[in-house]
Amino acid sequence: MEAPLRALYLITSPVSARFLRGQLAFMRRHGVRCVVGTGAGDGEFDDGVESFDVGFSREIRLVRDLMSLAKTVRLIRRLRPDIVNASTPKAGLVGTLAAAACRVERRVYVVRGLRYETARGTRRRVLAGLERLTMRLAHVVVFNSPSLLERARADGVCRPSTGIVLGAGSGNGIDTRRFSQLVPGDEARRRLGLENVA
């Protein structure tokens, strides 16, 4: 019997757990063992998903960042994941560095925003350079919208061969069952006592 695939998801903060909600459960139902590495605190992850604190911080903190890199390398060596999926800028950088150092064969970076866009001067150049490095270390870079991919390409941080958008773009997909029971527009307006507008 084949061993199940192992996927390590890395996010900077447990607050970002909402980006993974449902996705991890879907992966588990399809035989993938999912583990999450994050910053301090507990996130609300799907049932049965283990999480580990690897000390990510959102801001640049050189000593702390080096410590979280070491913790991430140790976690990868212990879990031996087949895939590392990193999202959010800090987890993306530290995670792809650690995964590349450990020779993980499938490295995915999910881009939900470009942090350097709101920065100016030297800070902007540094953040853009770190984003470029992260994207170079990933085998696949998944953007959550076509406009975000276009911006990254225009700014020269993403190579055309690695950037993709799934479908029309989304941060974590859409649960179509949630919307399948909606009442048609005319019926909803009638129930709410609203006039039909042409």
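Author: A residue is called buried when its relative accessible area is under 20%. The model discussed here is predicted, and the term will be applied to T12 in a moment.

Reader: Is T12 buried or exposed, and what is its relative accessible area?

Author: T12 has a relative accessible area of 9%, so it counts as buried.

Reader: Where in the chain does T12 lie?

Author: T12 belongs to the loop that links β1 (6-10) with α1 (23-29).

Reader: Which residues is T12 in contact with, leaving aside its neighbours within four places in sequence?

Author: The partners of T12, once those neighbours are set aside, are T38, G39, F56, S57, R58, S87, T88, K90 and A91. With T88 there is also a polar contact, made from side chain to side chain at 2.6 Å.

Reader: Let us turn to the cysteines. How many disulfides does the structure hold?

Author: A disulfide requires two cysteine sulfur atoms within 2.5 Å of each other. The structure holds zero disulfides.

Reader: Are C34 and C158 buried or exposed?

Author: The same cut-off of under 20% serves again. C34 is buried because its relative accessibility is 4%. C158, at 6%, is likewise buried.

Reader: How should the sheet be read, and in what order do its strands stand?

Author: One reads a sheet by following which strand pairs with which. Here seven strands make an open sheet, ordered β3-β2-β1-β4-β5-β6-β7, with parallel pairing. At the edges stand β3 (50-56) and β7 (163-165), each of which pairs on one side only. From one strand to the next, the twist averages 25°.

Reader: How many bridges join β4 to β5?

Author: Strand β4 (residues 83-87) is joined to β5 by five bridges, and the two run parallel. Within this pair, I83 is placed opposite R106 of β5.

Reader: Which strands does helix α2 touch?

Author: Helix α2 (residues 62-79) packs on the sheet and touches β1, β2 (33-39), β3 and β4. The direction of α2 makes about 150° with that of β3. Another helix, α5 (residues 146-154), lies across β5, β6 (140-143) and β7, and runs at about 165° to β7.

Reader: What is the average pLDDT of the chain, and which elements have the lowest and the highest mean?

Author: The pLDDT expresses the predictor's confidence in each residue. The chain averages 87, and 88% of the residues score at least 70. Among the elements, helix α6 (residues 176-179) has the lowest mean, 62, whereas strand β5 (residues 106-111) has the highest, 96.

Key
Residues numbered from 1 in each chain as written. Predicted model: local features only at pLDDT ≥ 70, side-chain atom pairs only at ≥ 80, totals over all residues. Heavy atoms only, no water. Buried < 20%, exposed > 50% of the residue type's maximum accessible area, 1.4 Å probe, protein only. Helix = DSSP H or I, 4+ residues; strand = E, 2+ residues; numbered from the N terminus. Polar contact = N/O pair within 3.5 Å; in protein donor to acceptor, adjacent residues only side chain to side chain. Contact = heavy atoms within 4.5 Å. pLDDT = per-residue confidence, 0-100. Pairing = 2+ DSSP bridges. Axes fitted to C-alpha atoms, helices over the stretch in contact; angles between N-to-C directions.
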